[in-house]
Amino acid sequence: MLLNSLNVCMQCGICSSACSVRFELNIRKLIAEFMGKKSFWNSQLWNCTSCRICQDRCPRNIKLAELIIEAKKNAIESGKVPDEIRKLLESTYKFGNPFGVGKHVKKKWMDDLNLKIAERDSFEYLFFVGCGVVSERVAEVARKTAELLKIAEVDFAVLENEDCCGNDVLSIGEEGLFELLKEKNRKIFEEHNVKKIITLSPHCYNAFKNYYGLEVYHTSQILLKAIKKAKIKFKNVFDAKVTYHDPCYLGRYNGIYEEPREVLKAVPNLKLVEMPRSRDLAICCGGGAGNIVRELKNRPSNFRINEAAIVGVDVVAVSCPFCLMMLEDAAKLNKSKIQIKDVAEIIYDSVFDS
Ligand code: SF4
Ligand code: SF4
């Protein structure tokens with residue numbers, strides 16, 4: 001059915017010119033090759049990050065991102081999987097995270113924080129940190145966010161044994177593993193009476209909201225509420241020119257564009273400017289659909305750092321652990337002086353004395 005929709009393509013090229021990985025995947029050309037055919041596959045499709053710009057911009061309303069996930073699903077079923085993706089899937093199945101580390105590493109971020117534990121305490125919100133927290137940099141953001149939630153008087157707990165939400169497993173096309181993770185998580189949530197979830201990652205936000213049907217909030221939404229209610233009060237100025245990079249799974253997939261910007265605008269002295277490609281036009285950091293563990297020659301994150309440099313900022317603010325990892329890596333690689341900071345870190349720096 002989805003494949004038949006390719007037949008209405010007019011080869012305008014809007015999809016390929018807007019594509020986040022356009023130097024690694026020529027989507028218009030592939031469509032031309034497979035129009036009227038019974039299959040749709042080329043190994044270039046693994047480079048697709050599921051950012052959905054092509055789909056949202058296509059004047060013929062062709063569900064390109066969904067079609068690509070469908071194509072990956074068929075490729076997985078016939079065993080055509082790149083090594084890095086196979087390892088990511090095996091690790092997610094074995095350890096509950098895509099990065100090949102055990103659960104003891106995932107829970108290290110919460111050491112000494114004295115947080116409520118969902119497995120034994122009662123709470124209003126579950127703070128779900130996501131798999132990126134195995135990176136020390138993301139762990140730092142999770143710790144600072146937890147401190148902010150505390151001063152905002154949010155009654156929350158964390159899971160000692162947090163599994164993967166499965167969002168990216170699904171965008172890789174591994175539906176079976178996704179269903180397994182969903183079932184496991186549902187059971188855990190029911191067992192510990194989880195009613196409301198706060199996620200650090202837009203990927204988890206997307207999965208819980210759209211595939212699990214749960215009540216879920218992104219940290220930026222909770223922080224904005226706390227700022228508006230004066231539960232979070234600023235003590236320090238943040239003297240910097242900042243731009244905000246929209247994560248695909250917060251912006252395009254879930255329409256959350258304003259809250260992170262509102263949070264940033266509330267910070268004393270912070271000057272917020274926009275990159276030309278922002279909100280629904282923002283490109284992906286390159287880490288979606290399993291590409292967080294892959295190495296592309298033409299990384300979208302490099303282009304994004306250049307775009308930030310053009311608008312002359314000191315800081316790129318992000319609100320996704322994958323964007324943080326990808327953009328920070330690109331900034332280092334390009335020897336850029338631009339700092340990459342999570343929105344919550346900027347708030348933290350303006351609230352707590354260092
Ligand atoms: S944007 Fe849509 S109509 Fe245009 S080339 Fe791409 S798929 Fe075809
Ligand atoms: S979903 Fe994003 S990365 Fe994939 S083909 Fe479309 S625009 Fe390119």
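Two strands count as paired if DSSP finds at least two bridges between them. The model treated here is predicted.

**Exercise 1. Strand pairing**

Determine in which sense strand 6 and strand 7 pair, and over how many bridges.

*Solution.*
1. Strand 6 covers residues 241–244, and its pairing with strand 7 is parallel, over three bridges.
2. One of the residue pairs to look up is Thr243, whose bridge partner in strand 7 is Val273.
3. In general, strands of a sheet are joined by backbone hydrogen bonds, in either a parallel or an antiparallel sense.

**Exercise 2. The sheet and a helix on it**

Give the strand order of the open sheet of four strands, name its edge strands, and state which strands helix 12 touches.

*Solution.*
1. The order is 7-6-8-9, and the pairing is parallel.
2. Strand 7 (271–273) and strand 9 (339–342) are the edges, since each pairs on one side only.
3. On average, with direction ignored, neighbouring strands of this sheet are turned by 35 degrees against each other.
4. Helix 12 (residues 258–265) packs on the sheet and touches strand 6, strand 7 and strand 8 (315–318).
5. The direction of helix 12 makes about 170 degrees with that of strand 6.

**Exercise 3. Two ligand shells**

For ligand 1 and then ligand 2, list the nearest residues, the contributing elements and the residue classes.

*Solution.*
1. Ligand 1 has 14 residues around it, of which Cys9, Cys12, Ile14, Cys15 and Cys58 come nearest.
2. At least two residues of this ligand 1 shell come from each of helix 1 (14–18) and helix 2 (27–34).
3. By class, the shell around ligand 1 holds ten nonpolar, two polar and two charged residues.
4. Ligand 2 is surrounded by 15 residues, and Cys19, Cys48, Cys51, Cys54 and Ala65 are the closest.
5. Helix 3 and helix 4 (64–77) are the elements giving two or more residues to the ligand 2 shell, and helix 4 has the largest share, three residues.
6. The shell around ligand 2 consists of eleven nonpolar residues, three polar and one charged.

**Exercise 4. Positive phi outside glycine**

Locate Arg52 and Asp112, and decide for each whether it is buried or exposed.

*Solution.*
1. Arg52 is not a glycine, yet has a positive phi of about 75 degrees; it lies in the loop between helix 2 and helix 3 (53–57).
2. The cut-off for buried is 20 or more other C-beta atoms within 10 Å. Arg52 has 24 C-beta neighbours inside 10 Å, so it counts as buried.
3. Asp112, also not a glycine, has a positive phi of about 65 degrees; it sits in the loop between helix 6 (103–106) and strand 1 (116–117).
4. The cut-off for exposed is 12 or fewer. Asp112 counts as exposed because it has 6 C-beta neighbours inside 10 Å.

Note on methods: Residues are numbered from 1 along each chain as its sequence is written. Chains are lettered from A and ligands numbered from 1 in the order in which they are written. This is a predicted model: local features need pLDDT of at least 70, side-chain atom pairs count only at pLDDT 80 or more; totals for chains, interfaces and linings use all residues. A residue is near a molecule or strand if its C-beta atom, placed from the backbone, lies within 6 Å of it. Ala, Val, Leu, Ile, Met, Phe, Trp, Tyr, Cys and Pro count as nonpolar, Asp, Glu, Lys and Arg as charged, and the others, Gly among them, as polar. Axes are lines fitted to C-alpha atoms, for helices over the stretch in contact, and angles run from 0 to 180 degrees between N-to-C directions. Two residues are in contact if their C-beta atoms, placed from the backbone, lie within 7 Å.
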